[in-house]
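Opening my notebook on this one. I want to look up the ligand site first, then the empty space, then the odd backbone spots.

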Amino acid sequence: MSERIGIYPGSFDPIHLGHVDLIERSRGLFDHIYVAVTTNEEKKPLFSVDERVEMIEELLVDYPDCEVRSFSGLLVDFAKKVGGSTIVKGLRAVSDFEFEFQMALMNRRLNPDVETVFMMPKDDRTYVSSRLIKEVYKLGGDIEDLLPPSVHKRLVERQLGEQ
Ligand code: PNS
């Protein structure tokens, strides 16, 4: 039987516990998961692509079925390149739905062989986003319990370096 390969794409700037929850849930569905980090600089990321890949690799060190890759260009082309036929996306709230729906249909148009599946994170993670974490942290709010400790450490170091 052929291997079930899933692609979990995102900016991961930085990866948070909602993302980790999604990766853990996806492991039950696929033999191999590529966590695909976009190199798109349009969003002016806080962490470089290499840093984001490194942070995720550190977290997944004990998960031999998970591999972290950066990609540029179309997601469906990346999926094809690595032999993946399923894109995994997280749906946190209804507000995510509209854009995710558009992207899923556009990706299907670009490559009908690639399917998108949506998964819901653990209910206490539904409000978590990298953007909010960065904003709240910058303004002095406590976000430590929303990040893996190694990622929180990097965020502290990065923000201290910028002061
Ligand atoms: O974590 P994000 O920023 O919501 O992730 C968005 C991402 C990387 C999944 C999306 O921007 C993407 O797929 N980028 C790759 C370029 C692409 O294929 N664009 C067309 C999508 S329909």
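**The enclosed space**

I began with the lining of the largest cavity, where β4, α4 and β5 (115-119) each supply at least two residues. I'm working from a predicted model, so I keep that in mind throughout. α4 makes the largest contribution to this lining, with 4 residues. My list for the lining reads Leu-75, Ile-87, Lys-89, Glu-100, Met-103, Ala-104, Asn-107, Thr-116 and Phe-118. By class I get 5 nonpolar, 2 polar and 2 charged residues there.

How much space lies in the largest cavity? I get about 30 Å³. Searching the whole structure for cavities of 30 Å³ or more, I find 1.

**The open space**

Next I turned to the largest pocket, and its volume came out at about 1,500 Å³. I noted that β1, α1 (17-26), β2 (32-38), β4 (86-90), α4 and α5 (130-138) each give two or more residues to its lining. Which element gives the most to that lining? It's α4, with 8 residues.

The lining of the largest pocket runs to 44 residues, and those nearest the pocket centre are Gly-10, Ser-11, Lys-43, Glu-100 and Met-103. I recognise Glu-100 and Met-103 from my cavity list, where they also line the wall. Sorting the pocket lining by class, I have 18 nonpolar, 16 polar and 10 charged residues.

**The ligand**

Where does the ligand sit? I find it in the largest pocket. Two elements, β1 (5-10) and α4 (94-110), give two or more residues to the shell around it. I see α4 with the largest share of this shell too, at 3 residues.

I count 13 residues around the ligand, with Ser-11, Lys-43, Gly-73, Leu-74 and Leu-75 coming nearest. Ser-11 and Lys-43 were already on my list of residues nearest the centre of the largest pocket. Leu-75 I had met in the lining of the largest cavity.

I then looked up polar contacts. For Ser-11, an N or O atom of the side chain is 2.5 Å from an oxygen atom of the ligand. For Leu-75 it's the backbone that takes part: one of its polar atoms there is 2.8 Å from a ligand oxygen. As for cover, the ligand on its own has 550 Å² of accessible area, and the protein covers 73% of that.

How do the residues of the shell divide into nonpolar, polar and charged? I get 6 nonpolar, 5 polar and 2 charged.

**The backbone by the first loop**

Last, I went through the loop between β1 and α1, where Phe-12 has its place. Phe-12 isn't a glycine, yet its phi is positive, near 50°. Is the peptide bond from Asp-13 to Pro-14 cis or trans? I find it cis, with omega near 0°. Pro-14 is in the loop between β1 and α1 as well.

**Wrap-up for my own use**

α4 is the element I keep writing down: it has the largest share of the ligand shell, gives the most to the lining of the largest pocket, and has the largest share of the cavity lining. Ser-11 is my other bookmark, for its side-chain contact at 2.5 Å from a ligand oxygen.

Definitions and conventions: Residues are numbered from 1 along each chain as its sequence is written. This is a predicted model: local features need pLDDT of at least 70, side-chain atom pairs count only at pLDDT 80 or more; totals for chains, interfaces and linings use all residues. Side-chain values use heavy atoms; hydrogens and water are left out. A residue is near a molecule or strand if one of its heavy atoms lies within 4 Å of it. A polar contact is a pair of N or O atoms within 3.5 Å; within protein, one must be able to donate a hydrogen and the other to accept it, and residues adjacent in sequence count only if both atoms are side-chain atoms. Accessible areas come from the Shrake-Rupley method with a 1.4 Å probe; for residues, only the protein chains shown count as cover. On a 1 Å grid over the protein atoms alone, a cavity is a set of points where a 1.4 Å probe fits but cannot get out, and a pocket is an open set with protein on both sides within 12 Å along at least five of seven lines; lining residues have an atom within 4 Å of a point. A molecule sits in a cavity or pocket if more than half of its atoms lie within 2 Å of its grid points. Ala, Val, Leu, Ile, Met, Phe, Trp, Tyr, Cys and Pro count as nonpolar, Asp, Glu, Lys and Arg as charged, and the others, Gly among them, as polar. Grid points are joined across faces, edges and corners, and a volume is the space filled by probe spheres set on the points.
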